[in-house]
Amino acid sequence: MATTNILIVDRSLEGARHLEQGVRGLGYAVCGVATCGREAVALAGAGEADLVLIDAALRGEMSGVEAAAEIGARLAVPVVFVVDDAAGTGSGTRSAAGCLHRHEACRPFGYVLRPMAWRQVDLIIRTALAAHARERALAAERRALRQRLDRTEEFNLQLESAFDCLDDAVILLDRERTALFPNAAARTLCGDAILNPDADRWLDEYELFEADGTTPVDPDESPLRKALRSTQAVTADMFVRSRHRPEGAYVNVTAKPLGGDPDGPRGGMLIVREVTRQRERDAQLHDTLAELREQNELIDAAFKSISDGIVVANAEGMFLYVNPAAEQIVGMGLTDAPQEQWSEKYGAFYPDRVTPMPSEDLPLLRAIRRRESVDEEDLFIRNPGRPDGVYIRVSARPLLNDVGGVRGGVIVFRDVTVRRFAEEALTNAFAEGRSEVLDTLVHNIGNAITSVTTGVETLRRTLANDPLQRSLSSLAAALDEHRDHWLEFLRDDARGRQVLPSILSLAAHYEARGRALMKTIQRVRNRAWRIADVIRTQREIDSAGMDRSNVDLKGALRNAVRVVSESLDRARVRTTVDCRGAPREIRIRESRFHQALVNLIKNAVEAIDDRGATDGRAPAPRIRIRAWSGDRYLNLEVADNGIGIPSTDSSLLFAPGYTTKRNGSGLGLHSVANFVIGSGGRIQALSDGAGKGTTMRVMLPLSSVLVAAPPAPASAGRNGPARERS
């Protein structure tokens, strides 16, 4: 058992020693002896004393009563006063009572009377220690109870705040159906009636209906009352109307019993969620889904009925949609082959029908992998479903998501086999120097001759029946008639006064007619030059053979420029030829290649002529011809700074008979396209729009035209590309 330490405080050292000796005799330990209040407080503050015996009559700077109050109140050490029995043994009780009254503010735990009865002292000490222990235990219990009450109050506040933050209405009820806690949402939804603590009263404030909004619900069958009668939660969709909400509201109600014992649940909780807007949104969603379903059915029906093939794939290369026309055109449907095997699986070739097209060049994969848009590109398909093969013309687009990422691709294609074979037949006719060359020659010369004859006839009619000549002759005759007195005639005669206005009018009319005649003469001259150009070009073409041969590329470009040199000089066009990075020789049908180059350069000259006619501030006319080798193609470009191409015209430029030029035939670019496509290549017309020039780009497969490794690109030098003409 632990030893009890007692601090002795007495007004005299002798009295303190007497107390110490007696206390030790009772079996207690003495942890200190003091003879003044300050010293007593200091020793008690050391923390070793379990009890303090202090002389109540202690005097000095701090009295015994003050020291006892400090030790008991601040240091929480029990204090027992030592008091003198001045009247002897018989008056001890009265002395102790008086001291208790005098010092009760110190809350001492007992009094010891002098002279000491040590057995009584021992009893008082034990009683004081026990009372102090009980008091500390009670204080600890009170503190614990206060903490629990504080935590409970804080929890209730947090619970109330949490409930008030809920969008759902929450109502708690006890066993007697007294509403204990309606949260903010409940007060908003249910109004003032919810504040009535009698649940039966405020439940009667509401009209309850089934979810259809018309079928009444018996109040006794409401979810809350049913839940209070059972041990199971009850959930229902209802329509509720009250004075607070006369328009009514659709709600989802959940009622749960709280706890339970043999006498039934201890209460209930009602959770109400307004779903009016949700029902409206659900109805709108239902209508929207029905509309979308109908639209999808219409779109699907449209896709199934159109003759063009449509194929959609995701970013991973999985086919998402293939319409029946696509399967029919290609000869097979969906495949689970990886993207790298698509070309082999479907039998895709370049338009030459011989060279297999790598899968990465397929328009659909170019759209998915490179975000590339493809317009009207031809492929040849040959597979077991299409053993004879079929030409298809494909357009492709990447499918982008909301943030611009590629989510897949779509292609639209159609069967152009018949058209392609017709174009090939026309190409062959060109290659053999037959129908289309003759048509072009006859058409161009015929148009020019027609314009010449029309202009000449206009001149003849104008000069043969000239009213101005007759007016001038009449005026001359009038002046000759009054030769001898023409001054008086001009001044006094009414006809004479009209001579000057007539002369001025005749001068104006002669000037206007002169301009008109000059336009006619210029048009006749231009058409005569046109005839000369056509005949010269045809002679140059006819002088070459039709078989494939090795052709000096730079020489071919120079020859093409030379053929149209007269037109270039007339339009003052500066021409440059740049063959850096291109092969020295190519193997190709020289006459067709030459004709294509001439047509491209003439097309550029005509574009510059049209620009000059419409824009007096245009820069100096210029044509730039470039040739270089790419990854798989020989690239040729003829770029001009002429009138440019409107965006709506680019897809029609190569159609037969289509032209945007005042004097164009519409056959030049068509024949170029036939030659390029027939050689397995591509042709593009690039322009930033009207008035911004045009670049015609021809791409010929190196596999079909390359006869020698291209030389290393030469440095440009200080003066840039070599100038062919300036």
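Buried means under 20% relative accessible area, exposed over 50%, and partly exposed in between, with a 1.4 Å probe and protein chains only. By that scale Leu-285 is partly exposed, because its relative accessible area is 46%. The model is predicted, so local features need pLDDT of at least 70 and side-chain atom pairs count only at pLDDT 80 or more, while totals for chains, interfaces and linings use all residues. Residues are numbered from 1 along each chain as its sequence is written, and side-chain values use heavy atoms, leaving out hydrogens and water.

Turning to the interior, the largest nonpolar core (buried Ala, Val, Leu, Ile, Met, Phe, Trp, Tyr and Cys residues joined through side-chain atoms within 4.5 Å) has 46 residues. Ile-623 and Phe-654 are among those with the most contacts inside this core. Its largest share, nine residues, comes from helix α20 (residues 590-614); helices here are DSSP runs of H or I with at least four residues, and strands are runs of E with at least two. A second, separate core of 28 residues includes Val-322 and Leu-379.

Aromatic rings add a further theme. The structure holds seven aromatic pairs, where rings of Phe, Tyr and Trp (its six-membered ring) pair if their centres lie within 6.5 Å, with planes under 30 degrees apart counted as stacked, over 60 as edge-to-face and the rest as tilted. The Phe-209 and Phe-239 pair is tilted, because the ring centres are 6.2 Å apart and the planes stand at 50 degrees. Phe-209 lies in strand β8 and Phe-239 in strand β9, so the pair ties together parts 30 residues apart in sequence.
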